[in-house]
Amino acid sequence: MADWSNQWRSFWFYRRYKITVLHIIDSTIPVLPPCPVVLTAYDLMPEIFAADYPKMLASRGYRRFRWLFRHRVTKFLAISHATAADYHRLWKIPENKIATVHLAVSGFPPDGHHSDCPETLALRFPKIDGRRFLLAPYNLEPRKNLDAALVAFSLIHKYFPDLVFVLFGKAGWTIERESLIQSKIEALGIAESVKLTGFIDDLSLAALYRGAEIFIFPSLYEGFGLPVLEAMACGTPVIAFNCGSVPEVMEDGVTGFVVNNIDQAVKAVGKIHTLDRAKVRATFDRRFTSRRMAQDYLDVYQGL
């Protein structure tokens, strides 16, 4: 009942204020849209990893959402070409109803990040103790593939024993997953060289990106992959696995290296010194600005 009540309230709101285009970013799709509806399409995670989402896929709410998605949206704005292809393949959305608008990172790095220096980094993160380090998100969702990053680091560590692997944040966490990942770290013999930051603010995150030798993003599927953009915005080279949308976000050999397996990831570390951090940042400025994203939105609105 509450859902239908919200639908009616929204309908009269749109009519009363004569909304001419409704852009849905993360809210309810109207059953009776009074104007063209544009919807940002992020990913089809539940469909691609169906075994992890059985209850969601079987629910009435999800079925209703999918029906509204397919029958009440005028134009879909996929956040990557890979996402657009997923919606066309799995939900049979016509290609002429999908436009790709890549995301941008606004306000990152935050004001004040230019003051970051090795001394500042040491104060923020004493565990690093001034050592060179690689960086990755501490995300324990299976698709984030942290296991592969840890195996790659264990191989790299044999050649560079002073190198540290810093894992920031804490996502996809369960007691079972954390126990398994800690056992993995111990088994690989890298417990003394893996440092967890826990949750941190954006200034601290920017300091880590800027201080890192390399940002490693091992995810097996992303609708887009915002952490890759954050690293690029800080001029940090990226090593990412060749999955989902990530390859189209990176310019392989300019911003970093796209790899297919752990062995390639290890070899890429040896090549990363050939990259110019200024060119990494310049690629971000050229391709992923908020102005560019806003202009792409405007072009879609005017074409309705």
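# Reading a predicted chain, from overall size to helix H10

Biologist: What radius of gyration does the protein chain have, set beside that of a compact globule with 304 residues?

Modeller: In this predicted model, the expectation comes from the chain length, because a compact globule of 304 residues would have a radius of gyration near 19 Å. The value for the protein chain agrees with that expectation, and it is 22 Å.

Biologist: How many helices and strands are there in the protein chain, and what box do its C-alpha atoms fill?

Modeller: The protein chain holds 14 helices and 10 strands. Taken along the principal axes, the box filled by its C-alpha atoms is roughly 65 × 40 × 30 Å.

Biologist: What share of the contacts with a separation of 6 or more joins residues 24 or more positions apart?

Modeller: Buried residues make up 46% of the 304 residues in the protein chain. As for the contacts with a separation of 6 or more, the share that comes from residues 24 or more positions apart is 67%.

Biologist: Which residues of the largest nonpolar core touch the most other members?

Modeller: That core has 44 residues, and the members that touch the most others include Leu135. Leaving aside neighbours within four places in sequence, leucine 135 is in contact with residues including Phe165, Phe168, Leu208 and Tyr209. Apart from this core lies another of 30 residues, with Ile156 and Ala268 among them. The residues asked for in the largest core are Phe133, Leu135, Leu208 and Tyr209.

Biologist: Is leucine 226 buried, partly exposed or exposed?

Modeller: Leucine 226 lies in helix H10, which spans residues 226-233. Buried would require under 20% relative accessible area and exposed would require over 50%. Because its relative accessibility is 36%, leucine 226 counts as partly exposed.

Biologist: Which residues does leucine 226 contact, once its neighbours within four places in sequence are left aside?

Modeller: Leucine 226 and valine 246 are 20 residues apart in sequence, and their C-alpha atoms are 9.3 Å apart in space. With its neighbours within four places in sequence set aside, the residues in contact with leucine 226 are Leu103, Ala104 and Val105.

Biologist: Which residues of H10 are buried, and which glycine follows H10?

Modeller: H10 is mostly covered, with 6 of its 8 residues buried, and what covers the buried ones includes helix H9, strand S8, strand S9, helix H11 and helix H13. Those buried residues are Val228, Leu229, Glu230, Ala231, Met232 and Ala233. The residue that follows H10 has a positive phi, near 75 degrees, and is glycine 235.

Terms used:
Residues are numbered from 1 along each chain as its sequence is written. This is a predicted model: local features need pLDDT of at least 70, side-chain atom pairs count only at pLDDT 80 or more; totals for chains, interfaces and linings use all residues. Side-chain values use heavy atoms; hydrogens and water are left out. Helices (H or I, at least four residues) and strands (E, at least two) are DSSP runs, numbered from the N terminus. The radius of gyration is taken over C-alpha atoms; the globule rule is 2.2 Å times the number of residues to the power 0.38. Buried means under 20% relative accessible area, exposed over 50%, partly exposed in between (1.4 Å probe, protein chains only). Contact means heavy atoms within 4.5 Å. A nonpolar core is a set of buried Ala, Val, Leu, Ile, Met, Phe, Trp, Tyr and Cys residues joined through side-chain atoms within 4.5 Å.
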